[in-house]
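Biologist: Please pick one part of this chain and give me a close look at it. After that, I'd like to hear how the rest is laid out, in plain words I can follow with the viewer open.

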Amino acid sequence: MYVRRNLRWHVIWKYGWRGIVVFTVYSVLICLLYAVFKQRWIAIPWQPVSTLGIAVSFYIGFKNNGSYDRFWEGRQLWGGIVNYSRTWSIQALEYVTSVVDAPGVDAPAASQDELSVRHRRLVYRHIAWCNAVRLNLRRQNDQWEQQVAPFLDPIESAAMKTKQNPPTHLLRQQAADLRILREERGLLNDFQHVNMMMSMEQLFNLQGGCERIKNTPFPRQYAFFSYVFVWLFAALLPLGLIAEFEKLGPHHLWMTVPFSVLVSWVFNTIEIVGHTSENPFENEMNDVPMTAICRNIEIDLRELLGETDIPAKLDPIDDILY
């Protein structure tokens, strides 16, 4: 996610230079054909071009609204992950106590060491889940050992890494631990168990929402024809402008070049903005900053555990928060 208030010029140039070069060369060629080689037939009335421009602007505006909705939904889903991560950790820390509260369970009271281990396991596995969701969405499972494994038992990590959808199996393991806490250790009563399972249900919903966006591409009929219509408009634009500028004087027709390039660049930039926003989980400049969000979750949860040796928040790299 780009975090600087204004885009730097090198960013604008990075996404726009190819179009500017093509539009400039094409407009100069049209002017040469019209003015030097006297090919007057290439000029067309301005009115149809203007009408086409209005239609294209509506079309790419519709596409960009859809692209932004996908990004914003993705950001809302990760906001929900942040909130339920805190909820889950508070429940794990405050529900799982040394009081034997489950009916029908005859077990000794848990020691502080056992509680500390169980608290840490539930919270750390959740941190692993957050990072596993991120890696799964970005198709970066090769980073498992660096990003997920440190929060899991080595045997559990090796088992989870082989799954097609590791985050789902991590939540399954959380549920298994809750069952043990309730049925075997008596550290959860029925109400607390149900409450934590409801939190897990919400985590499944949030994970599923992210996977739905990831696995459902932006409708190609909108994305493809938006691109085609913009370039069709850019191709016709100098043909409609050249005769209009010639009315101002024989040398004014060369004004077609800067004005057609400017208008074409604006339309092309709007189309690019929509294109770069339609898939919010690709680790690109305009995507949801899942790495930074996961780090913030890790900081919050480890502080709730009472730890002091925690990592710092991630800073933007070249004004981009990943």
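Modeller: Let's begin with Asp 318, which sits in the segment after α10, the helix that covers residues 290-304. Please keep in mind that the whole model is predicted. Asp 318 has a phi of about 55 degrees, and that value is positive although the residue is not a glycine. Is Asp 318 buried or exposed? Its relative accessibility is 65%, and exposed means over 50%, so Asp 318 counts as exposed.

Another residue invites the same kind of look. Arg 139 is also not a glycine, and its phi is positive, near 55 degrees. You will find Arg 139 in the loop between α3 and α4, the latter being residues 144-147. With 52% relative accessibility, Arg 139 counts as exposed.

Now step back to the chain that carries these two residues. It holds 10 helices and zero strands, and if you read along the sequence the pattern is α-α-α-α-α-α-α-α-α-α. The radius of gyration is 29 Å, well over the 20 Å that the globule rule gives for 322 residues, so the chain is more spread out than a compact globule. Its C-alpha trace spans about 100 × 35 × 30 Å along the principal axes. Of the 322 residues, 44% are buried. The accessible surface comes to about 17100 Å², and carbon and sulfur atoms account for 60% of that. If you take the contacts between residues at least 6 apart in sequence, 76% of them join residues at least 24 apart.

A charged pair in the interior makes a good next stop. Lys 63 is found in helix α2 and is buried, with a relative accessible area of 1%. What does Lys 63 contact, leaving aside its neighbours within four places in sequence? The residues are Phe 218, Tyr 222, Ala 223, Ser 226, Glu 271, Gly 274, His 275 and Glu 278. Follow that list to Glu 271, which lies in helix α9. Glu 271 counts as buried too, at 5% relative accessibility. Not counting residues up to four places away in sequence, Glu 271 touches Ile 60, Lys 63, Ala 223, Ser 226, Tyr 227 and Val 230. Ala 223 and Ser 226 are therefore on the contact list of Lys 63 as well as on that of Glu 271. You can also use Glu 271 to get a feel for distances in the model: its C-alpha atom is separated by 56 Å from that of Leu 187, and the two residues are 84 apart along the chain.

Glu 246 belongs to helix α8, residues 220-246. Unlike the buried pair, Glu 246 is partly exposed, with a relative accessible area of 25%. Setting aside residues up to four places away in sequence, Glu 246 touches Tyr 34, Arg 40 and Leu 253. Between the C-alpha atoms of Glu 246 and Thr 256, which are 10 residues apart along the chain, the separation is 9.1 Å.

Finally, have a look at the pockets. The largest pocket holds about 420 Å³ of space. It is lined by 17 residues, and those nearest its centre are Leu 7, Val 273, Thr 276, Met 285 and Asn 286. The elements that give two or more residues to this lining are α1 (9-36), α2 (46-95) and α9 (256-277). Which of them gives the most? That is α9, with six residues. By class, the lining has 12 nonpolar residues, five polar ones and no charged ones.

The second largest pocket holds about 270 Å³. Among its lining residues are Arg 120, Arg 121, Tyr 124, Arg 125, Phe 151, Asp 153, Glu 156 and Asp 177. Here the elements giving two or more residues are α3 (112-138) and α6 (166-183), with α3 giving the most, five residues. Its lining divides into five nonpolar, one polar and six charged residues. When you compare the two pockets in your viewer, colour by residue class: the largest has no charged residues in its lining, whereas the second largest has six.

Conventions. Residues numbered from 1 in each chain as written. Predicted model: local features only at pLDDT ≥ 70, side-chain atom pairs only at ≥ 80, totals over all residues. Heavy atoms only, no water. 1 Å grid on protein atoms, 1.4 Å probe; cavity = no way out; pocket = protein on both sides within 12 Å on 5 of 7 lines; lining within 4 Å. Points joined across faces, edges and corners; volume = space filled by probe spheres on them. Helix = DSSP H or I, 4+ residues; strand = E, 2+ residues; numbered from the N terminus. Nonpolar A, V, L, I, M, F, W, Y, C, P; charged D, E, K, R; others polar. Rg over C-alpha atoms; globule rule 2.2 N^0.38 Å. Buried < 20%, exposed > 50% of the residue type's maximum accessible area, 1.4 Å probe, protein only. Contact = heavy atoms within 4.5 Å. Areas by Shrake-Rupley, 256 points an atom, 1.4 Å probe, with all protein chains shown as cover.
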